[in-house]
Amino acid sequence: MHGATTHCGYNPPFPLQNGLAMRLSKFHIATTREDPADAEIASHRLMLRAGMIRKLASGIYTWSPLGLRVLRKVEAIIREEMRNAGAIEMLMPSVQPRELWDESGRWNKYGPALLKFRDRREQEFCYGPTHEEVICEFARNELRSYRQLPVTFFQIQTKFRDEIRPRFGVMRSREFIMKDAYSFHMDQASQDETYRAMYDAYSRIFTRLGLEFRAVAADSGAIGGDVSHEFQVMADSGEDAIAFSDRSDYAANVELAEAVAPATPRPAPSQKLTRVETPEQRTIEEVGAFLNVPARQCVKTLLVRGTDGVVALCLRGDHELNEVKAAKQPELPGESVLAGEAEVRAATGATPGFIGPVGLPQDIPVIVDRSAAVLADFVCGGNVDGTHYTGANWERDARITRVADLRKVVAGDPSPDGRGMLSIARGIEVGHIFQNGDKYTRAMNVAVLGEDGKARTPITGCYGIGVTRIVAAAIEQNHDERGIIWPDAMAPWRAVICVINPKNDPAVDAAAESLYRDMTGRGIETALDDRGLRPGAMFADLELIGIPHRIVVSERGLAAGRFEYRGRRDAESRNMDRDALLALLG
């Protein structure tokens with residue numbers, strides 16, 4: 001270990017400057033050289049090595065003083081931009097009574113991620129994963145008239161979601177800090193105006209934080225609502241796939257991106273329907289190789305559980321089912337769940353791997369993806385184990401209940417806005433904004449008096465930012481083999497002055513103190529590294545924790561009237577005089 005909390009017996013000569021001088025000898029820094037064994041991604045690894053976080057339990061972390069400095073930088077920018085957008089800060093309880101969640105209908109619907117518990121009186125509570133219920137309870141007691149609307153409340157507070165598999169450090173933890181905001185409106189025009197203001201505020205936040213990001217159209221998921229955008233920090237390690245046009249500003253989560261119907265019509269049949277033996281071939285790859293047919297000329301049929309028996313979903317062999325799109329089909333109960341083998345055999349007489357649309361019972365709806373619907377003479381399962389059909393054709397051999405967009409888009413698909421082609425990139429969701437309509441206010445009997453004196457149900461929007469996740473996402477986007485590379489706005493200190501051999505020459509101490517005063521006087525957030533470490537260990541620490549600007553004060557440099565400067569992304573150091581250095585950083 002190097003750079004651990006250091007009290008190395010050296011008392012720095014710098015007098016405290018009104019008690020405000022930031023000296024690393026008086027700060028808690030605990031870095032390690034070794035990569036932690038359980039860290040899977042860069043941000044988790046580097047946050048542990050830099051001593052920013054320490055694991056307390058699965059998905060639950062302590063933030064060290066160093067990590068907290070970064071976290072507070074993020075919070076400050078978010079808070080400022082929320083206020084600039086007209087939002088009013090408040091703070092709601094993290095512990096919430098079951099009764100509110102029963103009113104909204106989410107006590108059981110939210111799922112196992114909702115941490116539930118009982119108090120000593122056997123009353124049931126949850127640890128809030130979100131606060132729609134609480135803000136609606138507040139609003140129905142505080143908002144009386146249309147004159148009080150529109151209004152937007154926000155908070156920055158701890159949340160808890162009992163993730164089935166916490167991983168990636170604070171990227172997917174169970175306890176996390178979130179900024180959540182909620183707006184109330186009398187009409188859609190007002191909601192649209194606030195939604196745009198929040199969209200713009202989020203764009204300013206992520207721009208000020210120095211992040212490369214995209215705002216993408218998204219599915220509303222468990223929050224609900226009709227309009228939704230995610231803000232994605234672009235990173236190769238991102239869990240989300242983002243589709244974006246190469247010729248326009250169109251961008252959407254792959255879950256939502258429309259797969260445009262092929263422009264060419266379905267050709268006329270040219271082959272006879274023929275059953276062929278495929279005794280060991282079940283997958284598209286195996287069947288295609290066995291019959292010498294490309295995957296794009298095959299149709300795969302998936303049986304899913306519908307509201308009234310199984311439903312057949314048919315896609316081209318080289319495409320993947322988009323479960324979010326599938327779940328929205330009217331025959332499904334709001335989710336897409338594959339039927340079990342016993343259900344498949346009971347419905348078709350065959351096992352999975354040999355299912356196809358030809359000859360399916362009439363009571364099974366057949367929903368066909370747009371790209372599959374234009375195929376002719378395709379290969380599909382024979383609904384008899386060990387067989388497939390060649391030369392199958394829609395309408396002639398297999399019926400279609402409905403053609404729908406069921407698949408995930410792929411690179412090279414036409415952009416849904418008609419401009420350019422789609423590319424796919426990875427992203428990390430750090431913000432999400434929703435228009436909820438009256439989903440929560442109606443369920444929870446929130447009402448205000450309108451201009452006509454009659455009770456009206458307001459409509460709402462909600463707007464979330466994962467504060468702790470932003471820190472991890474920034475590292476995923478900004479790191480190298482030496483450590484973190486913070487954007488200036490997020491760094492624990494923008495600059496650090498390194499004092500080399502301070503015990504040997506009082507002039508070095510005096511020069512470092514003088515430069516420190518000049519820099520802080522100009523508003524440059526600066527710390528003095530006066531820990532007395534050897535230069536190699538000192539520099540390695542500062543590179544690991546990601547300090548954007550490093551200035552070295554040494555005897556040799558002072559003799560030449562220069563300071564040694566190195567930016568975190570620079571390949572080489574530069575020698576600069578005081579004026580040039582202050583001009584660069586000022």
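This is a short tutorial dialogue on reading features of a predicted model.

User: Where do I begin? How many helices and strands are there in the protein?

Analyst: Begin with the overall inventory. Here the protein has 16 helices and 30 strands. Then take the extent. Along its principal axes, the C-alpha trace spans about 95 × 70 × 50 Å. Keep in mind that the model is predicted.

User: What share of the residues counts as buried?

Analyst: Of the 586 residues, 54% count as buried. The cut-off is under 20% relative accessible area. Add the contact pattern to that. Take contacts between residues at least 6 apart in sequence: 70% of them join residues at least 24 apart.

User: Into which domains is the protein divided?

Analyst: Read the bounds carefully, segment by segment. Domain 1 is made of 54-88, 135-257 and 423-474. Domain 2 covers 274-404, and domain 3 covers 493-585. For spacing, use the C-alpha centres. Those of domain 2 and domain 3 lie 66 Å apart.

User: Now helix packing. At what angle do helix 2 and helix 12 pack?

Analyst: Read angle, axis distance and handedness together. Helix 2 spans residues 65-84 and helix 12 spans residues 467-477. They pack at about 115 degrees, with axes 9 Å apart. The crossing of helix 2 past helix 12 is right-handed.

User: Which residues in helix 2 and helix 12 meet?

Analyst: From helix 2 come Val70, Leu71, Val74, Glu75 and Ile78. From helix 12 come Val467, Thr468, Ile470 and Val471. By class, this contact has seven nonpolar residues, one polar and one charged.

User: How many residues of helix 12 are buried?

Analyst: Check burial residue by residue. In helix 12, eleven of eleven residues are buried. Charged names appear in that list too: it includes Arg469 and Glu476. Among the others are Ala472, Ala473 and Ala474.

User: Next, a polar side chain. Is Gln435 buried or exposed?

Analyst: Start with the accessible area, then look for partners. Gln435 has a relative accessible area of 8%, so Gln435 is buried. Its place is strand 20, residues 422-437. Two polar side-chain contacts follow. One joins Gln435 to Gln188 at 2.7 Å. The other joins Gln435 to Asp192 at 3.2 Å.

User: And an acidic one: what is the relative accessible area of Asp369?

Analyst: The figure is 1%, so Asp369 is buried. Asp369 sits in strand 16, residues 366-369. Look for backbone partners as well as side chains. A polar atom of the Asp369 side chain lies 3.3 Å from the backbone nitrogen of Arg407. Then list the contacts, leaving aside neighbours within four places in sequence. Asp369 touches Cys314, Leu315, His319, Val403, Ala404, Asp405, Leu406 and Arg407.

User: Which residues does Phe563 touch, not counting those up to four places away in sequence?

Analyst: Among them are Leu515, Ile551, Val552, Val553, Leu558 and Leu581. Arg574, Asp577 and Arg578 are also on the list. Phe563 lies in strand 29, residues 563-567. Phe563 counts as buried because its relative accessibility is 5%.

User: How do I read separation along the chain against separation in space? How far apart are the C-alpha atoms of Phe563 and Met444?

Analyst: Put the two figures side by side. Phe563 and Met444 are 119 residues apart along the chain, and their C-alpha atoms are separated by 64 Å. Now take Ala510 and Leu582. They are 72 residues apart, with 17 Å between C-alpha atoms. Ala510 belongs to helix 13, residues 506-521. At 45% relative accessibility, Ala510 is partly exposed.

User: Last, backbone geometry. Which residues does a cis peptide bond join?

Analyst: Read omega for that. The cis bond joins Leu149 and Pro150, with omega about 0 degrees. Pro150 is in the loop between helix 5 (132-142) and strand 7 (151-160).

User: What is phi of Asp377?

Analyst: Look for positive phi in residues other than glycine. Asp377 has phi near 55 degrees. Its loop runs between helix 10 (370-373) and strand 17 (378-381). At 10% relative accessibility, Asp377 is buried. Glu395 also has a positive phi, near 70 degrees. Glu395 is in the loop between strand 18 (387-392) and strand 19 (402-404). Its relative accessibility is 53%, so Glu395 counts as exposed.

Notes
Residues are numbered from 1 along each chain as its sequence is written. This is a predicted model: local features need pLDDT of at least 70, side-chain atom pairs count only at pLDDT 80 or more; totals for chains, interfaces and linings use all residues. Side-chain values use heavy atoms; hydrogens and water are left out. Axes are lines fitted to C-alpha atoms, for helices over the stretch in contact, and angles run from 0 to 180 degrees between N-to-C directions. Helices (H or I, at least four residues) and strands (E, at least two) are DSSP runs, numbered from the N terminus. A crossing is left-handed if the near helix is turned anticlockwise from the far one by less than a right angle, and right-handed if clockwise. Contact means heavy atoms within 4.5 Å. Ala, Val, Leu, Ile, Met, Phe, Trp, Tyr, Cys and Pro count as nonpolar, Asp, Glu, Lys and Arg as charged, and the others, Gly among them, as polar. Buried means under 20% relative accessible area, exposed over 50%, partly exposed in between (1.4 Å probe, protein chains only). A polar contact is a pair of N or O atoms within 3.5 Å; within protein, one must be able to donate a hydrogen and the other to accept it, and residues adjacent in sequence count only if both atoms are side-chain atoms. Domain bounds come from an automatic or database domain assignment.
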